[in-house]
Amino acid sequence: ISSIPEEKSSRELVEEAVKFKKIEGRLLKPSDKYKVLVGNNFYEKEIFPKKIVNGDKIKINEIDFEVVGVLDKLGNPQLNEIFIVNENVLEEILKIKDETDLIVAKVDNVNDINKIAEDIKKELRTVRNVEKGKENFSVETPQEAIEAYAAILNVIKVVLIGIAAISLVVGGIGIMNTMYTAVLERTREIGIMKSIGARNSDILLIFLIESGILGLIGGAIGVILGIGFSKLVAFGASLSLGPGILQSDINLYLIFGSLLFSFLMGSLAGVLPAKRAAALQPVDALRQW
């Protein structure tokens, strides 16, 4: 259970910072006594035997509250599983006074946010009489939250790069084996082409292009699967954590670069089979068939 202050400016600041949006009913008014807002998970996931909807009655600390609104999904999963009441009501039902778990601050100049965060830490150390490094509080800026998410995404990127590298090796070996098989199956064709004037460079180019096309096809399949998977992950994140928490961006230049890279890798994997095909002598090629 959490609370929201009654004072207008503080209330507006909290609502702006958390981005409260209702999908049913209304938001709390400062005058509401035993009224409550419920998080989205109580409405959609049916945490209780019966999902909570607007107008329901619920009991908190043996006191009856009326649900006046249901919140839309928020980016912070914890906020999807809370009950929100006015601050004076929370103090009454929990029998607490002048206790605060979270303070939201707004800066006038976003460029000063790190300096202000340090100033707040210094002031809180003085008030609480604690040394640096032994704080019993935390001050977090939006940049730090973003950096924490970025660190997680970087780990995911490293894992995906490792998987991609293994896939490239396996795919390259597969293309090489396929091209070696193609050379064996088309030995007679190679002999005929050479006997009518095809040069080694012509044979080499034909097989390099074929292996490149194989790589290009594999890259196209990878791009399609990658786009589909990214959209699926973004959709799943939106369902579980809230809309807009994770978005999938498609870069056409990156797609084109990936396809070009796939073609080049396929051609590179086909170099040895292509050289073998180009080195065949017409007489030997015809005789092997």
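At 61% relative accessibility, Thr126 counts as exposed, because the cut-off for that label lies at over 50%. This residue of the predicted model sits in helix α4. Thr126 also gives a first feeling for distances in the chain: Val67 is 59 residues away along the chain, and the C-alpha atoms of the two are separated by 41 Å.

A short step along the chain leads to Asn129, which is found in the loop between α4 (113-128) and α5. Asn129 is not a glycine, yet its phi is positive, at about 60°. With a relative accessibility of 71%, Asn129 counts as exposed. Asn61 can be read alongside it. Here too phi is positive in a residue other than glycine, with a value near 50°. Asn61 has its place in a loop as well, the one between β4 (57-60) and β5 (63-71). Its relative accessibility is 47%, so Asn61 counts as partly exposed.

Glu92 offers another local view, this time from within a helix, namely α3 (residues 87-94). Is Glu92 buried, partly exposed or exposed? Its relative accessibility comes to 33%, and Glu92 therefore counts as partly exposed, since that label covers values between 20% and 50%. If neighbours within four places in sequence are left aside, Glu92 is in contact with Lys33 and Tyr34. Tyr43 can serve as a marker for distance: Glu92 and Tyr43 are 49 residues apart in sequence, and their C-alpha atoms are 26 Å apart in space.

The view can now widen to the whole chain. Its secondary structure consists of 10 helices and 6 strands. The C-alpha atoms fill a box of roughly 100 × 50 × 30 Å, taken along the principal axes. How does the radius of gyration of the chain stand against that of a compact globule of 289 residues? The chain has 32 Å, whereas such a globule would have a value near 19 Å. Of the 289 residues in the chain, 26% are buried. Among contacts with a separation of 6 or more, 70% are accounted for by residues 24 or more positions apart.

Helix packing gives a closer look at how parts of the chain meet. Helix α5 (residues 142-185) and helix α8 (residues 252-269) have axes that come within 8 Å and cross at roughly 50°. That angle makes α5 oblique to α8, because it falls outside the ranges for roughly parallel (under 35 degrees), roughly perpendicular (65 to 115) and roughly antiparallel (over 145). The crossing of α5 past α8 is right-handed. On the α5 side the contact is made by Leu168, Gly172, Ile175 and Met176, and on the α8 side by Phe261, Met265, Gly266 and Ala269. Sorted by class, this contact has 6 nonpolar residues, 2 polar ones and no charged ones.

Helix α5 also packs with helix α9 (residues 271-279), at an angle of about 15° and with the axes 8 Å apart. Why is α5 called roughly parallel to α9? The angle of about 15° makes it so, because angles under 35 degrees count as roughly parallel. The crossing of α5 past α9 is right-handed. Which residues meet here? From α5 come Met176, Met179, Tyr180, Val183 and Leu184, and they meet Leu272, Pro273, Arg276 and Ala277 of α9. By class, the contact of α5 with α9 has 8 nonpolar residues, no polar ones and 1 charged one. Met176 of α5 is worth a second look, as it is listed in the contact with α8 and again in the contact with α9.

Technical notes. Residues are numbered from 1 along each chain as its sequence is written. This is a predicted model: local features need pLDDT of at least 70, side-chain atom pairs count only at pLDDT 80 or more; totals for chains, interfaces and linings use all residues. Side-chain values use heavy atoms; hydrogens and water are left out. Axes are lines fitted to C-alpha atoms, for helices over the stretch in contact, and angles run from 0 to 180 degrees between N-to-C directions. Helices (H or I, at least four residues) and strands (E, at least two) are DSSP runs, numbered from the N terminus. A crossing is left-handed if the near helix is turned anticlockwise from the far one by less than a right angle, and right-handed if clockwise. Contact means heavy atoms within 4.5 Å. Ala, Val, Leu, Ile, Met, Phe, Trp, Tyr, Cys and Pro count as nonpolar, Asp, Glu, Lys and Arg as charged, and the others, Gly among them, as polar. The radius of gyration is taken over C-alpha atoms; the globule rule is 2.2 Å times the number of residues to the power 0.38. Buried means under 20% relative accessible area, exposed over 50%, partly exposed in between (1.4 Å probe, protein chains only).
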